[in-house]
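Colleague: Could you take me through this one before I start on it myself? I would like the overall picture, and then some individual residues.

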Amino acid sequence: MKEKILVVGAGFSGAVIARTLAEAGLAVDVIESRAHVAGNCHSARDGETGVMVHIYGPHIFHTDDAEVWALMQRFGEWMPYTNRVKSTVDGRVYSLPVNLHTINQFFDKAMRPDEARAFIAAQADNSITEPQNFEEQALKFVGRALYEAFFKGYTQKQWGCEPRELPASILKRLPVRFNYNDNYFFHQFQGMPKEGYTPIVAAMLDHPAITLRLNTRFNRADSAAYAHTFYTGPLDGYFDYQLGRLGYRTLDFERFVADGDYQGTAVMNYGNADVPYTRITEHKHFAPWETHDKTVCYREYSRACGEDDLPYYPIRLTAEQQMLVDYVRAAQALDGVTFIGRLATYRYLDMDVTIREALDAARGYLAARESGAQVPVFYCDI
């Protein structure tokens, strides 16, 4: 009998693993609890406006991984896309990430790069040698004025806590530039699928060796019928939350429709803490090659994730660390299952990293199968 693999979840992690194993000659069953593939990258046409909407919030593909980029090109047409984010602070609009234009506009100056670099160095809190949290990292990077304008209020809303309670590592994703480059990302390959992400994932799963079942929840007993299980669901969910629930933030979306162009850009952040939403996204701007008479926008509100909510961002505060360690130990005691992806490894992951780790996990399984070696439970450090 042909060896059969179970993949739990039909997002990018599950789809890449299933496709890689299927092309290697293995039979794969993919189960997905939702009614669609592509996970939180799911996209669909808005019925009222015809705009392609990122149902669970915007996803922009960006990577320096040439192999991952080439893999994406196999399964659909991609268009060039540059993510340019703006932020409204105290009634004025600025460019993000913080760049030379932002600095000059905010401080009402006309500095050259070397002048701005020296100016920000003077603003920075040099008494902080080893930042212990997000706030200290920001103060060391940019000083109090820029921190309070662009980071403090937004972070309070996004994470539901004071920035000093968050790890310093979060801010490493937010560069400061001393030129006028307002491309939010710096990767070599950046783009957007012409018809949305869902057809890309559907094409990955379109293989005679792959059987897809939607609206199907995973039960641990299901694994008994398979040679191996790749699990992409919540780590704590796999164990029925026996040790407690790991902390997540979730999002609420307030949809509204307008004529023409509402804000002139895809993403407008709101840095002030007294504005209840973190940002407004206008989805027609994620597909600038299309034309629509109406526009559809979403205000995003971040809050703590409840038992029945969709988890988006792992919080990973100190209070969760011991619980996470205990869940990892419980997972490592298992045999015949691999935990992979954002939820199963309780990490924030960009799409390209998700795909890279899924490729490595699938290839690692094939290599271990040939050599007789033990298959790792995690293909990453948690």
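Modeller: What follows goes from the whole chain to a few single residues, and the model is a predicted one.

Colleague: How many helices and strands does the protein have?

Modeller: The protein has nine helices and 17 strands.

Colleague: And what does the radius of gyration say about the overall shape?

Modeller: For 382 residues a compact globule would come out near 21 Å, and the protein has 22 Å, so the value agrees with that expectation. Taken along the principal axes, the C-alpha atoms fill a box of roughly 75 × 50 × 35 Å.

Colleague: What share of the residues is buried, and what share of the contacts joins residues at least 24 apart?

Modeller: Of the 382 residues, 57% count as buried. If one takes the contacts between residues at least 6 apart in sequence, 71% of them join residues at least 24 apart.

Colleague: What about the surface and the charges?

Modeller: The exposed area is about 17100 Å², with carbon and sulfur atoms supplying 48% of it. There are 39 positive and 48 negative charges, and the mean positions of the two sets lie 1 Å apart.

Colleague: Changing topic, where does Lys-294 sit, and which residues does it touch?

Modeller: Lys-294 belongs to strand 15, which covers residues 294–304. Leaving aside residues up to four places away in sequence, Lys-294 touches Thr-49, Val-51, Val-257, Ala-258, Asp-259, Gly-260 and Lys-284. With Asp-259 there is also a polar contact between the two side chains, at 2.8 Å.

Colleague: Is Lys-294 buried or exposed, then?

Modeller: Lys-294 counts as partly exposed, because its relative accessible area is 34%, and that class lies between the 20% and 50% cut-offs.

Colleague: How far is Lys-294 from Asp-352?

Modeller: Their C-alpha atoms are separated by 32 Å, and the two residues are 58 apart along the chain.

Colleague: On to the backbone: which residues does the cis peptide bond join?

Modeller: The cis bond joins Leu-96 and Pro-97, with omega at about -5°. Pro-97 lies in the loop between strand 8 (92–96) and helix 3 (100–107). Most peptide bonds are trans, and most residues other than glycine have a negative phi.

Colleague: What is the phi of Asp-90, and what is that of Asp-240?

Modeller: Asp-90 has a positive phi of about 50°, and Asp-240 has a positive phi of about 55°. Asp-90 is in the loop between strand 7 (85–89) and strand 8, and with a relative accessible area of 63% it is exposed. Asp-240 is in the loop between helix 7 (235–238) and strand 12 (248–259).

Notes
Residues are numbered from 1 along each chain as its sequence is written. This is a predicted model: local features need pLDDT of at least 70, side-chain atom pairs count only at pLDDT 80 or more; totals for chains, interfaces and linings use all residues. Side-chain values use heavy atoms; hydrogens and water are left out. Helices (H or I, at least four residues) and strands (E, at least two) are DSSP runs, numbered from the N terminus. Buried means under 20% relative accessible area, exposed over 50%, partly exposed in between (1.4 Å probe, protein chains only). Contact means heavy atoms within 4.5 Å. A polar contact is a pair of N or O atoms within 3.5 Å; within protein, one must be able to donate a hydrogen and the other to accept it, and residues adjacent in sequence count only if both atoms are side-chain atoms. The radius of gyration is taken over C-alpha atoms; the globule rule is 2.2 Å times the number of residues to the power 0.38. Accessible areas come from the Shrake-Rupley method with a 1.4 Å probe; for residues, only the protein chains shown count as cover. Lys and Arg count as positive and Asp and Glu as negative; His and the chain ends are not counted. The place of a charge is taken as NZ of Lys, CZ of Arg, CG of Asp or CD of Glu.
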